[in-house]
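This report describes selected features of a protein model for the bench biochemist. Please consult the sequence and structure shown below while reading.

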Amino acid sequence: MRSFTYVAQPARVVFGAGAVAKLAAEVERLGAKRALVLSTPGRSADVQRLARALGERYAGLYDKAAMHVPMEIAVEARHVAAACSADCCVAVGGGSTIGLGKAIALTSGLPVLAVPTTYSGSEMTSAQGFVEGGVKRVQLDPKMLPRTVIYDPALTLGLPVAVSAASGMNAIAHCAEALYARGTNPIIQLMAEEGARALAASLPAIVKNPKDIEARSDALYGAWLAGTALGAGGMALHHKLCHTLGGTWNLPHAETHAIVLPHALAYNRDAAPEAMARLARALGVSDAPAGVYDLEKRLGLKMRLADLDFPERDLEKAAKLATESPYPNPAPVTYDGVLALLRGAYAGAPVI
Ligand code: NAD
């Protein structure tokens with residue numbers, strides 16, 4: 001018999017090609033008068049162009065967002081927000097930029113308006129990892145959940161194919177784990193399955209033609225569902241491994257997710273048969289872990305931790321770190337089991 005708790009996340013979502021034209025109106029709707037705009041260094045010029053639409057509500061730009069939100073950057077951004085008397089943050093970018101907005105919100109309570117331009121899904125969660133002293137720790141606080149999210153697929157047309165494919169697999173990983181994580185429930189399972197379906201169908205089309213606005217729209221829709229599923233359903237072993245590898249070895253977030261996912265799913269295959277069946281149905285395959293592996297090969301993704309220059313001698317340290325304080329997981333988390341999983345991911349061993 002079913003037994004679950006469901007908490008809806010209170011975010012306002014504005015979705016559609018051209019939706020970013022509503023940015024100023026949405027900032028006004030939050031009651032904000034001074035918006036600090038956030039971006040990564042590489043996206044600074046484009047983001048500044050968008051920010052012009054804010055007119056008098058533009059308080060400044062902080063463009064040093066970085067992967068895994070290093071604590072020293074979070075601290076500097078908080079000072080900048082205070083110095084320009086910001087009463088809201090507008091984060092335009094991927095999970096790194098949105099994570100920086102969350103870092104500011106955590107200590108100041110400022111509302112965040114997110115304009116996601118990757119498929120990380122971070123905009124739909126009230127969790128964020130921060131790296132300090134070489135370790136990534138995840139914090140949970142409802143203050144970090146963006147209050148408004150504008151999804152505009154037109155802003156993703158220039159997202160490079162390799163980043164798109166990896167980021168899309170990061171989103172599929174959210175869907176996959178939300179199907180079997182401890183916080184899963186029937187509503188989240190609907191979202192997770194539909195999210196995985198939309199992403200698995202659109203990512204090959206994006207790789208073929210990155211300017212395909214229909215496919216871009218479907219992928220962003222899938223990313224929204226994936227982020228929602230992650231935020232409400234939770235995570236398990238796969239996310240723990242990626243947080244460990246990303247936080248301690250500074251591996252690229254989305255690519256690490258893509259490489260680890262088929263192996264983590266194979267680890268959980270027998271312990272979560274219903275989740276695997278739903279994911280397989282979403283992908284249109286008979287076996288979820290093998291289907292994910294095949295999809296990633298078709299997308300031309302890197303398949304080996306060795307491809308990310310992860311040092312083979314550190315596999316044991318990673319297994320130790322990941323099993324010291326594991327997230328709840330359907331299959332028992334053992335050091336030997338996780339080390340074997342990581343060895344498979346290091347070598348890119350086929351998952352069949
Ligand atoms: P990212 O934000 O670092 O972006 C990757 C690269 O793509 C960056 O160089 C960025 O400038 C560039 N980019 C982004 N959008 C672009 C566009 N439209 N066109 C061209 N280039 C563009 O990477 P990510 O994978 O989106 O995010 C990773 C971070 O997000 C990690 O720190 C991870 O921990 C965090 N994250 C958090 C959650 C959560 O729920 N808290 C969920 C997923 C990811």
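Which exposed residues does the face of helix 10 turned away from its buried side carry? They are P273, E274 and R281, where exposed means over 50% relative accessible area, buried under 20% and partly exposed in between (1.4 Å probe, protein chains only).

## Basis of the model

This is a predicted model, in which local features need pLDDT of at least 70, side-chain atom pairs count only at pLDDT 80 or more, and totals for chains, interfaces and linings use all residues. Residues are numbered from 1 along each chain as its sequence is written, and side-chain values use heavy atoms, with hydrogens and water left out.

## Helix 10

Helix 10 spans residues 273-283 (helices are DSSP runs of H or I, at least four residues, and strands are runs of E, at least two, numbered from the N terminus), and A275, M276, L279, A280, A282 and L283 are buried in this helix. Viewed down the helix axis, these buried residues fall within an arc of 160° (taken from the directions from the axis to the C-beta atoms), so they line one face of helix 10.

The cover over the buried residues includes helix 5 (161-180), helix 6 (186-208), helix 9 (253-268) and helix 11 (288-298), with contact meaning heavy atoms within 4.5 Å. Just after helix 10, G284 has a positive phi of about 70°.

## The largest nonpolar core

The largest nonpolar core (buried Ala, Val, Leu, Ile, Met, Phe, Trp, Tyr and Cys residues joined through side-chain atoms within 4.5 Å) has 46 residues, of which Y119, M169, I172, L261, L265 and L279 touch the most other members. Helix 5 provides the largest share of this core, 11 residues.
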